[in-house]
Amino acid sequence: MIQKRAAQELPSALDQLSELKAQFQGKTPAIFLDYDGCLTPIVQRPEMALLSDEMRTALHEMAAVTKVAVVSGRDRRNVENLVKLDNLYFAGSHGFDITGPGGMASEPGGAKAALPALDKADGILQEKLQGIAGSLVERKRYAIAVHYRNVAEDQVEKVRKAVDEVLDTMPELKIGHGKKIFELKPNIDWHKGKAVMWLMEELGLNNGNYIPLYIGDDITDEDAFAELQGHGIGILVGEHDDKTAATYRLESVDEVRVFLEDLTDTIKQQSNG
Ligand SMILES: [Mg+2]
């Protein structure tokens with residue numbers, strides 16, 4: 001049974017740092033991080049979400065002492081190009097497309113089969129929504145994000161209807177919700193949480209020496225928080241529209257960085273014994 005709470009009820013990971021670390025029980029945390037809203041502030045245009053030099057340094061130093069993976073709804077190549085570090089793992093498309101150091105590359109969710117349906121839905125949505133001001137249909141490799149952040153409130157229902165009409169005729173696709181987007185994605189039982197568990201196994205981290213720790217801000221991160229409940233640690237950044245399965249919270253991207261820097265020091269001390 002997954003336990004969910006309001007984001008405001010969660011203790012701060014920084015205030016309760018020693019309690020949080022006690023849950024490691026001597027294990028090394030393996031770190032999984034969302035990108036937008038977690039490593040960079042949310043911005044109007046996705047291409048403007050640039051990683052700060054301080055955060056890049058924090059990630060690079062952390063990846064020198066433990067496994068670090070960025071798990072994003074963005075295309076894997078896109079998030080790789082934003083982070084620009086070669087000692088991290090990258091799970092793009094909500095975990096459908098995964099790469100890592102040493103040429104590691106895998107598409108464990110089986111999303112390739114949905115590519116024809118995504119191509120078709122993309123064309124239909126572009127056409128249906130061209131008359132709705134502010135709407136934006138963004139084709140990603142394994143998803144179509146329909147942005148309505150800049151759509152007038154009384155027009156959002158029209159966007160929703162266009163999305164529903166496409167989904168009704170395409171069983172290969174299903175709806176996903178994010179902040180101010182409708183997302184059409186492969187109708188496959190795969191998500192960020194499964195990608196995290198896949199990476200734990202693939203990287204040989206299920207050997208009793210590691211504990212997974214996931215930080216994210218969005219509804220799609222809830223799958224990872226739910227997956228980790230009981231045997232890992234979930235940290236929500238800020239809040240979203242729903243209850244959360246995370247167990248701690250951080251307020252901002254800056255707090256995420258401070259937390260990561262502290263954790264890196266802790267892991268270094270642990271390994272120095
Ligand atoms: Mg996010």
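**Note on a predicted protein model**

1. Asp 218 is a useful place to begin. Leaving aside neighbours within four places in sequence, Asp 218 is in contact with Gly 178, Lys 179 and His 240. The residue lies in the loop between strand E10 and helix H7, the latter covering residues 222-228. Asp 218 has a relative accessible area of 16%, and it is therefore classed as buried, since buried means under 20%. The reader should bear in mind that this is a predicted model.

2. The loop that holds Asp 218 follows E10, and this strand deserves attention in its own right. Strand E10 comprises residues 210-216, and 6 of its 7 residues are buried, so the strand is largely enclosed by the rest of the structure.

3. Which strands pair with E10? One of them is strand E1 (residues 28-33), which runs parallel to E10 and is joined to it by 6 bridges. Within this pairing, Phe 32 has Tyr 214 of E10 as its bridge partner. Strand E11 (residues 233-237) also pairs with E10 in the parallel sense, over 4 bridges. Here Gly 216 stands opposite Leu 236 of E11. As general background, side chains in a regular strand alternate between the two faces of the sheet.

4. An antiparallel pairing is found between strand E8 (residues 173-178) and strand E9 (residues 181-186), with 6 bridges joining them. Ile 175 has Leu 184 in E9 as its bridge partner. The two strands, E8 and E9, form a hairpin with 2 residues between them. Lys 180 lies in the turn and has a positive phi of about 60°. Two contacts of Asp 218 may be recalled at this point, namely Gly 178 and Lys 179.

5. The backbone angles of two further residues merit comment. Most residues other than glycine have a negative phi. Gln 25, however, has a positive phi near 50° and is not a glycine. Gln 25 belongs to the loop between helix H1 (17-22) and E1. His 94 likewise is not a glycine, yet its phi is positive, at about 55°. This residue, His 94, sits in the loop between strand E3 (89-92) and strand E4 (97-100).

6. Are these two residues buried or exposed? Gln 25 has a relative accessibility of 66% and so counts as exposed, the cut-off for that class being over 50%. His 94 has a relative accessibility of 8% and therefore counts as buried.

7. The overall dimensions may now be considered. The protein contains 8 helices and 12 strands. Its C-alpha trace spans about 60 × 40 × 40 Å along the principal axes. A compact globule of 273 residues would have a radius of gyration near 19 Å, and the protein agrees with this because its own value is 19 Å.

8. Burial and contacts add to this picture. Of the 273 residues, 51% count as buried. Among contacts between residues at least 6 apart in sequence, 59% join residues at least 24 apart.

9. Finally, the surface and the charges should be noted. The protein exposes about 12,800 Å², of which carbon and sulfur atoms supply 46%. There are 31 positive and 44 negative side chains, and the centres of these two sets lie 3 Å apart.

Key: Residues are numbered from 1 along each chain as its sequence is written. This is a predicted model: local features need pLDDT of at least 70, side-chain atom pairs count only at pLDDT 80 or more; totals for chains, interfaces and linings use all residues. Side-chain values use heavy atoms; hydrogens and water are left out. The radius of gyration is taken over C-alpha atoms; the globule rule is 2.2 Å times the number of residues to the power 0.38. Buried means under 20% relative accessible area, exposed over 50%, partly exposed in between (1.4 Å probe, protein chains only). Contact means heavy atoms within 4.5 Å. Accessible areas come from the Shrake-Rupley method with a 1.4 Å probe; for residues, only the protein chains shown count as cover. Lys and Arg count as positive and Asp and Glu as negative; His and the chain ends are not counted. The place of a charge is taken as NZ of Lys, CZ of Arg, CG of Asp or CD of Glu. Two strands pair if DSSP finds at least two bridges between them.
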